Amino acid sequence: MKIRGIARDLLQALLSSAQEVDREGGGREFVAVLREEDGVIREFLFLPFTSTQVSASLRYDLMPLDPHVAGSAHSHPTGALRPSDADLRFFPRLGRYHIILGPPYSESSWKCFTSDGGPCDLEVME
Ligand SMILES: [Zn+2]
């Protein structure tokens with residue numbers, strides 16, 4: 001499935017959720033699974049995960065078998081908007097598009113990467 005973009009309301013929900021987890025968890029990472037409909041990322045699933053200030057990992061055993069999974073979104077409370085070595089091992093396990101968000105959690109403080117860690121433009125759609 002070719003992804004054309006991400007819905008603006010979903011992006012805003014991701015940013016505010018990541019900000020909340022950061023604030024309430026004392027700088028913890030936020031992780032979510034992204035779902036697409038008709039080539040647009042429109043939904044995220046919150047899955048049980050464990051996270052610390054430097055890492056977060058999903059419970060793969062609880063992952064739904066879902067053909068609409070497009071990738072993942074997670075936060076880097078440090079603000080470094082690039083994949084870590086652990087991210088590069090994790091990305092290929094969960095779809096092709098991976099968003100990293102960081103403070104100040106504004107519409108410009110996120111980036112999208114492909115599974116191999118290369119930058120990827122994702123259009124924000126109304
Ligand atoms: Zn990361």
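This is a short dialogue on reading the features of a predicted model.

Visitor: Where do I start? How many helices and strands are there in the protein?

Guide: Start with the inventory. The protein has two helices and nine strands. Along the sequence they follow the pattern β-α-β-β-β-β-β-α-β-β-β.

Visitor: In what order do the strands form the sheet?

Guide: Read a sheet by its pairings, not by strand numbers. Here seven strands form an open sheet, ordered β8-β7-β6-β2-β3-β1-β9, with mixed pairing. The edges are β8 (110-114) and β9 (123-125). Each has a single partner strand, so one side of each has no neighbour in the sheet. Next, look at the twist. Neighbouring strands are turned by 35° against each other on average, direction ignored.

Visitor: Take one pairing. How many bridges join β1 to β3?

Guide: Two bridges. Strand β1 covers residues 5-7, strand β3 covers residues 40-45, and they run parallel. For a landmark, find Ile6, which stands opposite Ile41 in β3.

Visitor: Which strands does helix α1 lie across?

Guide: To place a helix, list what it crosses, then take an angle. Helix α1 (residues 8-24) lies across β1, β2 (31-37), β3, β6 (69-75), β7 (97-101), β8 and β9. It runs at about 70° to β1.

Visitor: What span should α1 have, and what do its end C-alpha atoms give?

Guide: Use the rise per residue. At 1.5 Å a residue, the 17 residues of α1 should span 24 Å. The end C-alpha atoms are 24 Å apart, which agrees. Just after α1, Gly26 takes a positive phi of about 65°.

Visitor: Which residues of α1 are buried?

Guide: Count neighbours. A residue is buried if 20 or more other C-beta atoms lie within 10 Å of its own. In α1 the buried residues are Leu10, Leu11, Leu14, Leu15, Ala18, Gln19, Val21 and Asp22. Leu10 is buried because 20 other C-beta atoms lie within 10 Å. In the protein, buried residues make up 35% of the 126 residues.

Visitor: What is Leu10 in contact with?

Guide: Set aside sequence neighbours within four places. Leu10 is then in contact with Ile41, Arg42, Glu43 and Phe44. Leu10 and Phe44 are 34 residues apart in sequence, yet 7.6 Å apart in space, C-alpha to C-alpha.

Visitor: And for the protein, what share of contacts joins residues at least 24 apart?

Guide: Among contacts between residues at least 6 apart in sequence, 62% join residues at least 24 apart.

Visitor: Now the core. How many residues does the largest nonpolar core have?

Guide: Find the core by linking buried nonpolar residues. The largest one has 25 residues, and Leu14, Ala32, Leu34 and Leu101 have the most contacts inside it. At least two core residues come from each of α1, β2, β3, β6, β7 and β8. The largest share, six residues, comes from α1.

Visitor: Pick one of those hubs. What does Ala32 touch?

Guide: Beyond four places in sequence, Ala32 touches Leu14, Phe44, Leu45, Phe46, Ser72 and Ala73.

Visitor: Ala70 next. Is Ala70 buried or exposed?

Guide: Buried, with 27 other C-beta atoms within 10 Å. Ala70 is found in strand β6. Outside the four nearest places in sequence, it touches Ile3, Leu34, Arg35, Glu36, Ile41, Gly95, Arg96 and Tyr97. Ala70 and Arg42 are 28 residues apart in sequence and 10.0 Å apart in space, C-alpha to C-alpha.

Visitor: On to backbone torsions. Which peptide bond is cis?

Guide: Check omega. The bond from Pro103 to Pro104 is cis, with omega near 5°. Pro104 is found in the loop between β7 and β8.

Visitor: Which residue of that loop has a positive phi although it is not a glycine?

Guide: Tyr105, with phi of about 55°. Tyr105 is found in the loop between β7 and β8. It is buried, with 21 other C-beta atoms within 10 Å.

Visitor: What is phi of Asp38 near, and is Asp38 buried or exposed?

Guide: Phi of Asp38 is near 50°, a positive value in a residue other than glycine. Asp38 is found in the loop between β2 and β3. Burial is read from the count again: Asp38 is exposed, with 8 other C-beta atoms within 10 Å.

How values were computed. Residues are numbered from 1 along each chain as its sequence is written. This is a predicted model: local features need pLDDT of at least 70, side-chain atom pairs count only at pLDDT 80 or more; totals for chains, interfaces and linings use all residues. Two strands pair if DSSP finds at least two bridges between them. Helices (H or I, at least four residues) and strands (E, at least two) are DSSP runs, numbered from the N terminus. Axes are lines fitted to C-alpha atoms, for helices over the stretch in contact, and angles run from 0 to 180 degrees between N-to-C directions. Two residues are in contact if their C-beta atoms, placed from the backbone, lie within 7 Å. A residue is buried if 20 or more other C-beta atoms lie within 10 Å of its own, exposed if 12 or fewer, and partly exposed in between; C-beta atoms are placed from the backbone. A nonpolar core is a set of buried Ala, Val, Leu, Ile, Met, Phe, Trp, Tyr and Cys residues joined through C-beta atoms within 7 Å. The expected span of a helix is 1.5 Å times one less than its number of residues.
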